[in-house]
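The exercises below go through one structure step by step. Each task is followed by a worked solution.

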Amino acid sequence: MKIQFKNVCPYVFDELSLKSDIWNNDFTIEGGMRYQVHGPSGRGKTSFLSYLLGYRRDYRGEVFINGQPIFELKIDEWVKLRSEKITTIFQDLQLIEKLSVSENLSLIPKFAEGYDLSKAKKMLNFLGMEEKYDERVETLSFGQKQRVAIIRSLCKPFELLVCDEPFSHLDEINKAKCVELIENRLKEESAGIVLTTLDGEKQLDLKSIHL
Amino acid sequence: MQKLFFYKQNRFQLFIACFGCVIGLIMLLVSIQLYIKAKLYNDDAALLDENTLIVQKQVGRAAHLGIGSPNFSQSEIAELKSQEFITTCSPIMSNQFEVIVEIDDPIIPAFKSNIFLQSVENEFIDISSTQFDWSDSSDYVPVVMPNNFLIMLNTFLSASAMPQLSESLISNVKMNLIVGPRSNRAIIPARIVGFTDTFSAILVPSTFLKMANLKYANTQNQFQSQLVVKAADKMLGLLESHLKDKGYESGEGQLFISRLKSALSVVLVLVICLALLTLLLSFIIMIQYLLSLLSNLSFEIRVMLRLGHSIYVLKNKFLRFFAFIFTIVSTVSIISFYFMSSAIENKLISSGILINKTISVWSVVSLFVVFIIFILSVNFYTTRRIKAQFYC
């Protein structure tokens with residue numbers, strides 16, 4: 001999978017004449033490669049991921065996925081990308097609070113069609129969350145929720161893992177475990193990763209991209 | 001996924017919408033059923049057919065003194081035709097020579113009676129124009145018999161201790177029309193091809209009557225003392241007051257039936273409108289319920305789309321739920337409708353209005369149409385709302 005940003009700049013940065021590795025520049029995410037996008041708060045890390053995932057279109061410039069302009073992608077193509085090629089750990093986690101951990105994990109399309117949850121259960125065990133399997137997400141701490149969100153994104157096939165500040169509420173031990181889990185899954189799937197963090201954070205073995 | 005989408009719903013609002021739908025559907029089905037039954041009631045004298053009246057001038061003292069013609073002039077006919085509440089106005093042609101009907105069949109005792117012949121345009125008679133046609137080469141004159149004539153004949157047969165005749169049997173009886181004065185009399189075979197409640201004279205094709213008036217009365221002047229007039233739909237009242245203003249009259253019985261037809265038609269159409277209004281209101285509540293459900297679930301829908309679920313799969317969850325709800329609503333409605341219409345029909349039958357007790361296919365069709373409209377609406381609104389969440 002190859003994703004290209006060509007002279008992309010959010011409308012809100014128009015007046016700043018901003019130039020970085022991504023904004024108002026050419027930037028390419030190659031298949032299987034690892035990137036860490038970092039920069040101070042407010043420099044558009046979440047916007048960058050939203051453009052990449054096709055959630056927002058408030059920018060000028062062009063984004064291509066496998067050579068095809070992103071605006072030309074049909075809904076069915078997006079569904080295929082989101083369900084089979086790209087997986088995401090959202091900054092706001094995007095968990096359904098009223099549902100249990102297992103029900104949230106079952107929302108992944110493969111699971112929703114009756115896919116085996118055993119892989120997800122193993123990951124829960126690995127991150128010390130096995131007892132929370134049937135608990136409602138609203139009863140968990142933010143750190144625990146973050147681990148559920150990480151597991152949900154990893155228990156499906158993918159070519160690119162997109163993470164938006166995934167470890168922000170984890171202690172060092174849990175962060176290390178999560179990093180190990182992600183490393184293992186990246187190897188299993190031969191997948192790439194794009195990870196955004198605040199300045200100063202260093203995880204995994206990543207190519208540094210500055211915003 | 002079922003749990004995810006329906007844990008936020010307001011069941012009270014759904015119940016109110018379903019209740020309204022059931023009431024509206026029952027009213028719609030019953031009113032359509034009654035409307036169709038009324039339309040088909042007694043085929044010839046359909047209750048809701050256009051209102052046909054036989055109009056003549058009022059007979060006053062002046063007529064006895066020979067002042068004022070009982071005939072309608074061309075200008076008077078044209079004036080009637082120009083009225084917006086009259087769809088058709090046509091003169092009735094009458095015989096101007098002596099006519100005797102003679103039944104010449106071994107199954108009936110000899111019967112002779114002086115009669116009147118009349119002729120009207122074919123559109124007023126519910127018989128195909130090929131059946132009711134006459135030319136010089138025809139073997140017989142087709143006639144349309146007033147039902148009253150059959151009653152009179154059967155009274156005569158009863159008095160003669162003979163079995164009575166049905167409509168189909170009398171159609172095969174041999175009969176003759178004896179026409180003209182003694183000096184120029186002819187016997188012409190005739191055959192009954194239909195019956196009428198609207199006209200009280202025997203009807204024959206106009207081609208025959210024109211020929212006979214010319215040949216046996218030696219006149220081309222047609223007396224037009226009666227007109228047959230059709231009132232436009234729901235405008236019988238205007239026609240009545242116009243006839244009164246002009247000094248014309250119509251049979252009271254005929255007018256009463258016409259008034260009854262108009263009133264029944266208006267009432268049934270009003271009930272159908274009321275049913276549609278009730279259905280529309282409950283439909284709006286149901287769609288509002290769907291929209292508020294979709295609004296409350298916008299976060300959940302967005303999460304599902306971001307995780308890679310297709311719009312089609314999500315939409316189908318809602319569609320199946322509402323199809324299930326509406327199937328229950330339809331089932332309750334059709335069962336209630338069946339019992340209600342049975343009760344109404346039993347009441348009508350016991351009151352002497354003989355109607356057949358079958359479910360009108362149009363009621364079932366209307367239910368099907370409402371179901372399709374509902375499903376299409378749910379499909380449209382759901383797809384639109386889910387699609388709006390796809391790119392955000």
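## Exercise 1: a salt bridge within one helix

R185(A) is buried, with a relative accessible area of 3%. The model is predicted.

Task: Find which residue R185(A) meets in a salt bridge, and describe the surroundings of both partners.

Solution. Step 1: the side chain of R185(A) meets that of E188(A), with 2.6 Å from N to O. A salt bridge requires such a pair to lie within 4 Å, so the contact qualifies.
Step 2: both residues belong to helix α7 of chain A and are three residues apart, which means that about one helical turn separates them.
Step 3: R185(A) is buried because its 3% falls under the 20% limit. E188(A) has a relative accessible area of 54% and is therefore exposed.
Step 4: elsewhere, K98(A), R136(A) and E138(A) are joined into one network by salt bridges that share partners.

## Exercise 2: two further salt bridges

Task: State how far apart in the chain E183(A) and R34(A) are, and which elements hold them.

Solution. Step 1: E183(A) and R34(A) form a salt bridge whose closest N and O atoms are 2.9 Å apart.
Step 2: E183(A) lies in helix α7 (residues 172-189) of chain A and R34(A) in strand β3 (residues 34-38) of chain A; with their positions 149 residues apart, the pair links distant parts of the chain.
Step 3: the relative accessible area of E183(A) is 18%, so this residue is buried.

Task: Decide whether K80(A) is buried, partly exposed or exposed, and do likewise for E84(A).

Solution. Step 1: K80(A) and E84(A) form a salt bridge, their closest N and O atoms being 3.2 Å apart.
Step 2: helix α2 (residues 75-85) of chain A contains both, four residues apart, about one turn of the helix.
Step 3: K80(A) has 44% relative accessibility and so counts as partly exposed. E84(A), at 33%, is partly exposed.
Step 4: over all chains, the structure holds 17 salt bridges.

## Exercise 3: a lysine in helix α1 of chain A

Task: Find what the side chain of K45(A) reaches.

Solution. Step 1: K45(A) is found in helix α1 (residues 45-52) of chain A.
Step 2: its relative accessibility is 5%, so K45(A) counts as buried.
Step 3: the K45(A) side chain reaches the backbone oxygen of P40(A) at 3.4 Å.

## Exercise 4: chain A as a whole

Task: Describe the secondary structure and burial of chain A.

Solution. Step 1: chain A has seven helices and nine strands.
Step 2: of its 211 residues, 55% are buried.
Step 3: among contacts in chain A with a separation of 6 or more, 72% join residues 24 or more positions apart.
Step 4: about 9300 Å² of chain A is exposed, with 46% supplied by carbon and sulfur atoms.

## Exercise 5: the interface

Task: Work out how much area chain B and chain A bury between them, and what makes up the side of chain B.

Solution. Step 1: 23 residues of chain A are in contact with 19 residues of chain B.
Step 2: the two chains bury about 2000 Å² between them, 66% of it on carbon and sulfur atoms. R306(B), L307(B) and Y391(B) lose the most area in chain B, together 38% of what that side buries.
Step 3: the rule finds zero salt bridges across this interface, but four residue pairs in polar contact.
Step 4: α1 (2-6), α10 (298-307) and α12 (361-390) of chain B each supply at least two residues of the side that touches chain A. The largest share, seven residues, comes from α10(B).
Step 5: by class, that side of chain B has 12 nonpolar, three polar and four charged residues.

Technical notes
Residues are numbered from 1 along each chain as its sequence is written. Chains are lettered from A and ligands numbered from 1 in the order in which they are written. This is a predicted model: local features need pLDDT of at least 70, side-chain atom pairs count only at pLDDT 80 or more; totals for chains, interfaces and linings use all residues. Side-chain values use heavy atoms; hydrogens and water are left out. Buried means under 20% relative accessible area, exposed over 50%, partly exposed in between (1.4 Å probe, protein chains only). A polar contact is a pair of N or O atoms within 3.5 Å; within protein, one must be able to donate a hydrogen and the other to accept it, and residues adjacent in sequence count only if both atoms are side-chain atoms. Contact means heavy atoms within 4.5 Å. Buried area is the accessible area (1.4 Å probe) that two parts lose on being put together, summed over both. Ala, Val, Leu, Ile, Met, Phe, Trp, Tyr, Cys and Pro count as nonpolar, Asp, Glu, Lys and Arg as charged, and the others, Gly among them, as polar. Accessible areas come from the Shrake-Rupley method with a 1.4 Å probe; for residues, only the protein chains shown count as cover.
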